[in-house]
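Biologist: Hi! Could you pull up the model so we can talk it through together?

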Amino acid sequence: MAHDGAQGGRPIVVVGGGLAGASFALGAARFGYRVMLVEARAGASEGGFDARSTALSWGARRIFESLGVWGPLGAGPCPIRRIEVTDQGHLGGVGFDHREQGLDALGYVVENHLLAKVLRGRIASCGAIEFLAPADVTTAKPIADGMELTLREKGKERRLAAALTVLADGGRSSIAASLGIARQRKPYGQHALVANISLEHSHRNTAHERFTSHGPLAVLPLPMADGVHRASLVWTLPGDAAEEYAALPEEILLPRLQGEFGPGMGRVTGIGRRVCFPLQLSQASEQVRPGLALLGNAAHTLHPVAGQGFNLALRDAMALAEALGEAIGQGRSPGDLAVLRDYLARQEVDQDRTVFFTDLLVRLFSGQSAARVAFRKLGLLALDLLPPLRQGFVSNVTRQQSPLRR
Ligand SMILES: Cc1cc2nc3c(=O)[nH]c(=O)nc-3n(C[C@H](O)[C@H](O)[C@H](O)COP(=O)(O)OP(=O)(O)OC[C@H]3O[C@@H](n4cnc5c(N)ncnc54)[C@H](O)[C@@H]3O)c2cc1C
């Protein structure tokens, strides 16, 4: 009898072809599995893939290299060679330089639509992945050794049995909810206003993180396009202000942005389409069950302050793929709870650390209470003066370990 997940056996079904689901599908295929990837939206340019960019760590680059995704991105990822961290209303700040870390770059910024296009190109050329889009998984029911799923495609419904169902269907996973998997939520009362901006001068591959009275404001370098110096803006604001700012005419919005940001990155000359995202920390109460695993935003949705959400999802995805790869050699099914628990045990420390680090940054670096301001000043000073602290901070951002490198 064919092994589950292998040719002829029951497939691994991935619900959701966003960045996390698509990356996992490539990882599982690399470890010898047959994968069915089901995505509700038709094209890479739609919906989930908006004007956003993603800061990728050095470790994420290594994973994408191993999946054959990095090469086709070409000159798309913009290297971050320096990170400047400043606090509004206070002089000075902390700078991190790639040379000090002995790395080519501290990280890279890639536009989501490009990453999605390349991921989908790799999936299309991978014989082990069947990609269904637009198609929905509408129900999931536990059965012996797996899940029975209902799939809706082109107005028709069909049932199939999956050896393992991977829910990568986003932070509002309706399938997880229907299975009784609860979520813990911690709303931050902030929205991220996201847009591409143009700059008068080159960003010189510097990413800026500035802590303002409203919350953190990030400007990430992007490659030039049509002779324009570009950067990606993630501006954290109270919810009502974000909606209001998103609708303001450019001539009113730009001086406000410049005022918040100061002169650090030079003059901002234009701002493109703006999109707002409510920000929260949310985590699924369970990430694995027999025949089921949750990945990406479905497992944990983080504040974007430290650019860690997708980087963590990618490390999880590859750790899961690797654990499943080992299961083949042991003759175990990919849906075996022991296999899935083994995966989670490997990633638990990484997940806890990343969630804690991100949440700590949001709490410390939002607001202007005297205690927080004093702590920030001390924190920035300590980061500047103490090499081990600097190293710790940067390794949280660049996070080099990759299960595929072990
Ligand atoms: C403003 C902002 C900036 C960010 N910046 C960074 C950054 O710099 N670095 C970083 O690492 N992370 C960053 N993140 C986090 C990152 O965007 C997320 O971690 C990542 O997008 C998660 O992707 P996902 O695939 O888990 O979920 P999603 O992108 O939500 O994808 C879920 C997919 O599932 C599909 N789907 C849903 N239900 C079904 C169903 N029933 N059947 C079939 N398909 C279904 C949806 O159509 C969707 O395509 C940022 C987030 C925000 C909000």
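Modeller: Here it is, and we can go through the ligand shell, the helix packing and some strand pairs.

Modeller: A word on the basics: this is a predicted model, where local features need pLDDT of at least 70, side-chain atom pairs count only at pLDDT 80 or more, and totals for chains, interfaces and linings use all residues. Residues are numbered from 1 along each chain as its sequence is written.

Biologist: Thanks! How many residues surround the ligand, and which are the closest?

Modeller: There are 35 around the ligand, and the closest are Gly16, Gly18, Gly170, Gly296 and Gly309. A residue is near a molecule if its C-beta atom, placed from the backbone, lies within 6 Å of it.

Biologist: Which element gives the largest share of that shell?

Modeller: Helix 8 does, with four residues. Helix 8 spans 309-329, and other elements supplying at least two residues each include helix 1 (19-30) and strand 13 (183-199). Helices (H or I, at least four residues) and strands (E, at least two) are DSSP runs, numbered from the N terminus.

Biologist: And how does the shell divide into nonpolar, polar and charged?

Modeller: The shell has 16 nonpolar, 14 polar and five charged residues. Ala, Val, Leu, Ile, Met, Phe, Trp, Tyr, Cys and Pro count as nonpolar, Asp, Glu, Lys and Arg as charged, and the others, Gly among them, as polar.

Biologist: Back to helix 8: at what angle does helix 2 cross helix 8?

Modeller: Roughly 40 degrees, with the axes of helix 2 (residues 58-66) and helix 8 coming within 10 Å. Axes are lines fitted to C-alpha atoms, for helices over the stretch in contact, and angles run from 0 to 180 degrees between N-to-C directions. So helix 2 is oblique to helix 8; angles under 35 degrees count as roughly parallel, over 145 as roughly antiparallel, 65 to 115 as roughly perpendicular and the rest as oblique.

Biologist: Which residues meet there?

Modeller: Gly59, Ala60 and Ile63 in helix 2 meet Asn311, Leu314, Arg315 and Met318 in helix 8. Contact is called when C-beta atoms, placed from the backbone, lie within 7 Å. This contact has four nonpolar, two polar and one charged residues.

Biologist: Switching to strands: which way do strand 13 and strand 18 pair, parallel or antiparallel?

Modeller: Antiparallel, over ten bridges, with strand 18 covering residues 275-284. Strands pair if DSSP finds at least two bridges between them. His191 stands opposite Pro278 in strand 18.

Biologist: What about strand 18 and strand 21?

Modeller: Strand 18 pairs with strand 21 (residues 300-301) in the antiparallel sense over two bridges. There, Gln283 has His300 as its bridge partner.

Conventions: Contact = placed C-beta atoms within 7 Å.
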